[in-house]
Amino acid sequence: MEQWTRREDERLLTGRGRYVADIEVPGCLDAVFVRSEVGHGTVREVDCAAARNVPGVVGAWSAADLSEPPSRGPAASGRTGLPPVPHALLARLSTEEAVAGREWPALARDRVRYAGEAVAVVLGEDRYRAEDGAAEVSFRIDPLPAVVTPSAAAADAVRLFDGLSNIAFQGEAGQPIEESVWQGAAVVVEGRYRQQLLMPTPMECRTILAVPEGDRLTVWSGHQMPHRLRRELASLLGWSVDRVRVVVPDTGGAFGSKSAAFPEFVVVACLAVQLGRAVRWIEDRLESMLVATRGRGQDQRVRLAADADGRLLGYELSIDADVGAYPHLGVGLPMQTAWMATGPYATPRVHATVRSVLTNTMVTYPYRGAGRPEATIALERAMDVMARRLGMDPAELRRRNFIPPDSFPYRTPTGRCYDSGNYAAALDLALETLDYGTWRAEQARRRTDPDALPLGIGLSCYVERSGGEPGGLHEFGGIEAGSDGAVTARCGAAPSGQGHETVFSALVAKTLGVDQGRVRLVEGDTDRQPEGLGSFASRSAQVAGAMLQHASRLLIDEARERAARLWAVSVDEVGWSEGAVHAAKDSSVAMGLAELVQATGPLRVDDRFEAGMAFPFGAHVAVAEVDPELGTVRLLRVVAVDDCGVVLNPTLVRGQALGSAVQGIGQALYEGIPYDDGVPRVASGLLDYLLPTFTEVPPIEIRGTCTPGPGTPLGAKGAGESGCIGTPAAIVNAVADALRIADPDLLQMPLTPDVVWRAARAPKWEEVR
């Protein structure tokens, strides 16, 4: 393992980063959207006339106004009006039927289906004038009943689309479990768990700047998948993809929330083309809290059976998933939960069913972990309840059921093929790091001391999937050597804070044997790297990194062949070391890359590299102290042991693990979107939606085991989502352990003081045995 200095840090920490909001284009117009104040309603009127008379306002449009091209410029797109938002589909699933008849309009025309849905747009010479104009737009929406949870919406008493059910998609993984399994089990535990809606909350909100340039459109956006955005924008404009360029500058985080085309993007791109002027939209924080994508949002029912020795017999998971007001990528996303329902256990029978339900909320989309935290929380909470019912230590119950290391590759009952793993090693290291026995002794002491606050210890073991699904496990890129000795590495990924500049350039430098300072990374530009998939699903090192290593080796092969021709010898007689070719029989005959290029011409290789799926895993443990009178939870310690295969940069991996663990703490204790009649109560911003700050973060110890992934030559697996997956269940289990509550359903995230206070007054498990 090597430590590489982060190349991005000096630029970003000294304020020299260049984000979309920093890009200046002469004559650029700012877009401001007028948004619905109700969660569900019929649009009766939208009048933009007064807004157009505001000084500095260039134009204002409703959906009806844009049924024809704007009057201030020609319809250069070849289309009139606004097309619907392009929908992204999850690989392996056919969800076209879910979208048919439920298209997402760029501006609402007849009905609004979530609070904040845009009904008009105003363009101004600057943001201030556009805001003034937006304030003058008058509109009337007749409210309709709103449904904001999937269980309520699934009844179809309130339908979001006339004549169509709110259940947009149904799927399953595994096979139904015979009733005899449940009847023959020594213990069966059941539970109902709510995975609340969360906000990804990156530091930089969503952005787009569309700049017409002749017959082309250049789009700047903090985006995770620039090549997909290029295809989607070209399609909605009716253009060929070569007429659209997408550039991703510095991006202030994403966590999954910046991998789509959104209604605002459609409006900005179409107006920029039709007006022939640059248009930008910079989402502010309050706007983001109202209409940015949501994560999680599942109502779950679980049933887990075991024999008297604690061997698992069957596990059943039923999911009603909140996918928001319109089917998009989120409609198939809950299948990730179903496919990963097995977790790290050799459970012989597992069956998961999914219903993706439309609700009057903003669209649900991938958020760090994307379906795997939901699977882990449901299973790991059930495992702790099972351990209590059996009178068994929760660590021992898990050890007894782990998939053995010699069973890999392991096909799960839900269809996943786990690549490699040693789950017991991760749990053992977590317990050793925590000093598990000492904390259990302290817990026992406190239970005999009436003045001591209750103490709980919670465990959570997980397996996740990284890299993407079959059909999306490849990446494009290439390596070019210049006559000046510089090396350019091109990659189809896009950075949003993962440290690509550091890791990718160092990886190329190490493979070629050159100094890292000679390597320059190019990514996030569809002109300079014409093909690519992007950054999502913790695929940077596993897929994109392996692609760059592969391309570097192809460059070495090409350099050896050129040298062989130049020296009139066979390729076998040409070696490579330290960035130079040399004759195997005469070490004095050597030529560096720069000299080779000068002698033989430009040297560049491009290729597509296919990786395999990977399944990182780990074990997290939390120690929590609970005040039953105040309902407060104080985390005393969190230990996170993760296995992401071969680690390329320990510092970056540690940062990813720590950051995601803090987000996991947020889900467990603080974060959630409350609704009042279909409207999210987040009007005061981050004072209403609580994120853990430095004050709330406990001591977190990050450790790791290493089980190389066989899916790429690097042996790396995804490392970016572990904390969001493993930490929440550990925390909730710790609080349940401290309170000894008999009914696990009483503890639903976030564990606010009200939730904990009420649970503390419920019957204890020893009272109902």
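This dialogue walks through strands, cavities and cysteines in one structure.

Biologist: Which conventions should I keep in mind before I start?

Modeller: This is a predicted model, in which local features need pLDDT of at least 70 and side-chain atom pairs count only at pLDDT 80 or more, while totals for chains, interfaces and linings use all residues. Residues are numbered from 1 along each chain as its sequence is written, and side-chain values use heavy atoms, with hydrogens and water left out.

Biologist: How should I read a strand, and which strands pair with β26?

Modeller: Strands of a sheet pair through backbone hydrogen bonds, either parallel or antiparallel. Strands here are DSSP runs of E with at least two residues, numbered from the N terminus, and two of them pair if DSSP finds at least two bridges between them. Strand β18 (residues 455-463) runs antiparallel to β26 and is joined to it by 9 bridges; the bridge partner of Y462 in β26 is G618. Strand β27 (residues 632-643) also pairs with β26 in the antiparallel sense, over 11 bridges, and there A619 has V641 as its bridge partner. β26 and β27 form a hairpin with 4 residues between them, and G631 in the turn has a positive phi of about 75°.

Biologist: Are the faces of β26 covered or uncovered?

Modeller: In a regular strand the side chains alternate between the two faces of the sheet. Buried means under 20% relative accessible area, exposed over 50%, and partly exposed in between, with a 1.4 Å probe and protein chains only. In β26 (residues 617-627), 11 of its 11 residues are buried. Both faces are covered, with F617, A619, V621, V623, E625 and D627 on one side and G618, H620, A622, A624 and V626 on the other.

Biologist: What is the order of the open sheet of 3 strands?

Modeller: The order is β4-β2-β6, with antiparallel pairing. β4 (111-112) and β6 (138-143) stand at the edges with a single partner strand each, so one side of each has no neighbour in the sheet. Strand β2 (residues 41-47) pairs with β6 over 6 bridges, one of which can be located through V46, whose bridge partner in β6 is F139.

Biologist: How is empty space found, and how many cavities are there?

Modeller: Rolling a probe the size of a water molecule over the atoms shows where empty space is left. On a 1 Å grid over the protein atoms alone, a cavity is a set of points where a 1.4 Å probe fits but cannot get out, and lining residues have an atom within 4 Å of a point. The count comes to 7 cavities of 30 Å³ or more, and the largest has a volume of about 110 Å³. Of the 15 residues that line the largest cavity, T201, P202, R285, S288 and A292 are the closest to its centre. The second largest cavity holds about 70 Å³ of space, and R296, Q298, L333, P334 and T364 are the closest to its centre among 13 lining residues. β13 (295-306) and β14 (312-322) each give two or more residues to that lining, and the largest share, 3 residues, comes from β13.

Biologist: How many disulfides are there, and why is C48 without a bond?

Modeller: A disulfide is a covalent bond between the sulfur atoms of two cysteines. Counted as a pair of cysteine sulfur atoms within 2.5 Å, the number of disulfides is 0. The sulfur of C48 is too far for a bond because the closest cysteine sulfur, in C270, is 16 Å away. C491 is in no disulfide either, and the nearest cysteine sulfur, that of C644, is 18 Å away. C48 is buried, with a relative accessible area of 2%, and C491 is buried, with a relative accessible area of 0%.

Methods. 1 Å grid on protein atoms, 1.4 Å probe; cavity = no way out; pocket = protein on both sides within 12 Å on 5 of 7 lines; lining within 4 Å. Points joined across faces, edges and corners; volume = space filled by probe spheres on them.
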